Amino acid sequence: MNSRLRDFRRLGWFTLRRVLALFVTVLIGVYLTIVIANMGGKVDELRKLQIRSTVSESVRADPSFSEMDSEKRNELIKEQVQLQIEQRNLDEPFIWRSFDYLAQAIQLDLGRAEEMHSDTGSRAVYDIIVERLPATLLLFGTANLLVFFVSVYAALYLSRRYGSRLDRAVIGLAPSSAAPAWFYGIFLILLFAFVVPVLPAGGMVAIPPPEDPWVYAGSVLEHLVLPVIAMFLSSIFISIYSWRTFFLIHSSEDYVEMARAKGLPSNLIQSRYILRPTLAPIITNFLLMLIGLWSGAIILEQVFNWPGLGTLLFQAIGHRDTPVIIGGVVIFAYLLAVTVFMLDFLYAILDPRVRIEGGEQ
Amino acid sequence: MTDARERLLQVRNLQLHYRTRRGTARAVDGVDLDVGRNEALVVLGESGSGKSSLAKALMRLLPRNVARYSGQVMLGGDELMGMDDERFRSGVQWNRIAMVMQAAMNALNPVVRVGEQVAEPLRVHRGWSKAAAMERVVETFAIVGVSRDFVTRYPFELSGGMRQRVVLAMALITEPELVILDEPTSALDVLTQASIMNVLKRIKREQGTSFILITHDVATSSELADRVALMYAGQVVEQSDARDFFHHPAHPYSKLLMDSVPRLHQSEPPGYIPGEPPDLIDPPAGCRFADRCPSRFGRCSEDPPAFELNGERRVRCWLHEEGTDHDG
């Protein structure tokens with residue numbers, strides 16, 4: 001069909017433009033992080049000083065150089081320092097190297113950590129981060145999916161029973177979300193790990209980790225319960241509240257009233273007249289929530305001693321380990337860009353208004 | 001009454017009251033209406049006179065804060081008020097009574113192709129196949145003057161007038177006995193209004209559909225009207241044959257209303273009605289128009305019943321107590 005072909009061409013165009021735009025965004029974001037994490041080159045001065053002090057210390061401590069007169073020894077130190085600086089390209093101006101860093105980062109060549117290493121002993125930043133990623137994804141994926149589906153479902157239910165006792169109770173509980181998840185976490189640990197010790201206080205798996213994969217999975221599940229409950233408690237009521245209001249607004253649209261007048265069954269009205277026109281904002285909200293909760297992960301992961309990216313970033317900042325910080329941001333930027341791209345794409349599929357206006361018409 | 005034509009809809013003492021913060025608002029307060037087959041009844045009234053609530057009450061589109069919903073509605077011999085919601089939804093709504101809503105501009109789902117939306121009642125209520133329903137959509141589009149290419153378009157690709165026609169097609173698709181039009185043309189420009197009214201006239205002539213046209217626009221409604229019901233503060237104050245109503249209005253409010261309509265080649269400025277319509281929450285005890293009525297007298301402190309004049313006309317005014325015509 002001709003119109004189908006036209007649709008495809010539009011979609012291709014649209015995709016290309018979005019990919020380019022997002023790539024530029026990632027480029028700018030990563031570059032800014034490189035400049036900031038290196039404090040515009042100031043970190044290099046620190047590194048040079050560090051090299052100088054380690055080299056001079058090792059030369060002075062080496063008994064084979066103890067006979068040397070100080071003139072010559074200083075010469076040697078200078079040489080060695082120069083060698084190390086050249087080895088790390090620290091003699092080039094920062095602005096040049098910043099572009100090198102950028103090129104490497106974009107290719108996901110995240111370099112080597114200054115201080116940290118992965119559990120398997122690798123110093124490659126990529127390994128360090130990828131090792132932690134599944135833990136974070138498991139925890140936040142579980143909690144967010146749970147919060148999302150429970151709240152959307154409950155909100156749909158409440159929006160049909162607007163003003164009922166249950167509805168008012170949920171609204172009354174909404175301020176409970178003022179406290180962050182880690183705050184609930186502290187109480188949950190206190191209650192269920194110490195007062196009534198039924199669940200582990202922290203970590204992701206029992207120590208030592210069980211050999212059997214099923215027992216291992218069970219142990220992870222057990223460790224997952226408290227942090228997930230903490231996250232669930234801190235966002236469920238406000239989430240239900242906002243979705244309920246959202247659905248209330250959209251179920252008073254004229255076309256919903258029209259669908260009621262048409263005598264359509266209520267489940268059809270709900271799926272075709274309330275959910276379908278609002279799918280785009282619902283999905284946006286979902287994906288942005290997935291991204292958004294990463295930043296909140298630092299404290300929660302600390303409280304539950306969860307070996308995720310939040311803990312990693314926290315440690316990296318403590319060690320001033322710039323490659324790890326930059327690496328974390330690069331991965332985050334990529335995930336964000338992929339999410340935004342997916343959103344654009346879904347929008348185009350879900351909403352005919354976007355699909356057609358996004359084209360060349 | 002409408003013996004000349006077979007009677008289709010008979011409404012007696014219809015009440016629709018809303019609970020509000022300040023008390024109970026009597027939006028529809030004891031309305032009697034009759035609509036014959038192939039007849040167009042125009043329900044006239046100012047904003048807030050309860051005419052849209054009347055449409056909602058007939059379609060059973062009730063908001064959450066209903067305080068009272070009662071009366072008798074007979075459609076072709078079937079009593080509708082006693083019917084349970086499920087039977088009413090699947091048997092009456094859109095099967096026998098369809099509606100064009102006020103604000104028809106947004107009456108279409110933005111993410112569903114208009115053809116599918118128009119076909120929906122056939123698919124849902126009558127279980128038609130998609131192909132058959134689409135064929136009927138194209139036929140109905142032809143009746144209301146929409147090109148068949150529009151079937152696969154989305155609402156935002158249509159102009160206001162086209163959307164209005166599509167909504168009209170949606171109301172006609174099941175060939176219902178009665179179509180309620182709630183301010184169908186108030187958001188459109190004059191030319192589009194005129195062409196929609198022409199479509200309605202043609203449908204009435206060719207398909208034998210009955211209409212209830214709810215509007216505040218005296219001039220536009222006069223084109224289609226067979227009979228007129230004038231609403232004031234939740235009540236029907238006069239119900240007459242259209243010709244009688246437009247030329248010899250009986251109720252003092254009708255007279256003032258007709259005087260306020262500007263006419264072509266008219267030398268004196270159109271009149272207006274001083275004062276405001278009463279509050280529906282606490283309406284005055286007697287005649288609701290008494291405060292603004294130039295011909296009020298002692299009796300007006302009592303609530304007037306509807307007096308019948310010449311068999312065809314019902315007027316809610318003490319001036320017509322003996323059935324004698326005070327007009328003139």
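Two residues are in contact if their C-beta atoms, placed from the backbone, lie within 7 Å. The structure treated below is a predicted model.

**Exercise 1. The interface**

Determine how many residues of chain B are in contact with chain A, and describe the side of chain B that touches chain A.

Solution.
1. Applying the contact criterion, 23 residues of chain B are in contact with 19 residues of chain A.
2. At least two residues of this side of chain B are supplied by each of α2 (85-92) and α3 (114-126) of chain B.
3. The largest share, 4 residues, comes from α3(B).
4. By residue class, the side of chain B that touches chain A comprises 15 nonpolar, 5 polar and 3 charged residues.

**Exercise 2. The sheet of chain B**

Establish the strand order of the open sheet in chain B, and explain why one side of β6 and of β11 is left without a neighbour in the sheet.

Solution.
1. The order of the 8 strands is β6-β7-β8-β3-β9-β10-β12-β11 (chain B), and the pairing is mixed.
2. β6 (97-100) and β11 (307-309) of chain B each have a single partner strand, because they stand at the edges; one side of each therefore has no neighbour in the sheet.
3. From one strand to the next, the twist averages 20°.
4. At the β6(B) edge, the partner is strand β7 (residues 178-182) of chain B, paired in the parallel sense over 4 bridges.
5. Within this pair, Ile97(B) stands opposite Leu178(B) of β7(B).

**Exercise 3. The domains of chain A**

State which domains are assigned to chain A and what distance separates their centres.

Solution.
1. The assignment gives domain 1 (39-93) and domain 2 (131-320).
2. Taken over C-alpha atoms, the centres of domain 1 and domain 2 of chain A are separated by 52 Å.

Methods:
Residues numbered from 1 in each chain as written. Chains lettered and ligands numbered in written order. Predicted model: local features only at pLDDT ≥ 70, side-chain atom pairs only at ≥ 80, totals over all residues. Domains from an automatic or database assignment. Pairing = 2+ DSSP bridges. Axes fitted to C-alpha atoms, helices over the stretch in contact; angles between N-to-C directions. Nonpolar A, V, L, I, M, F, W, Y, C, P; charged D, E, K, R; others polar.
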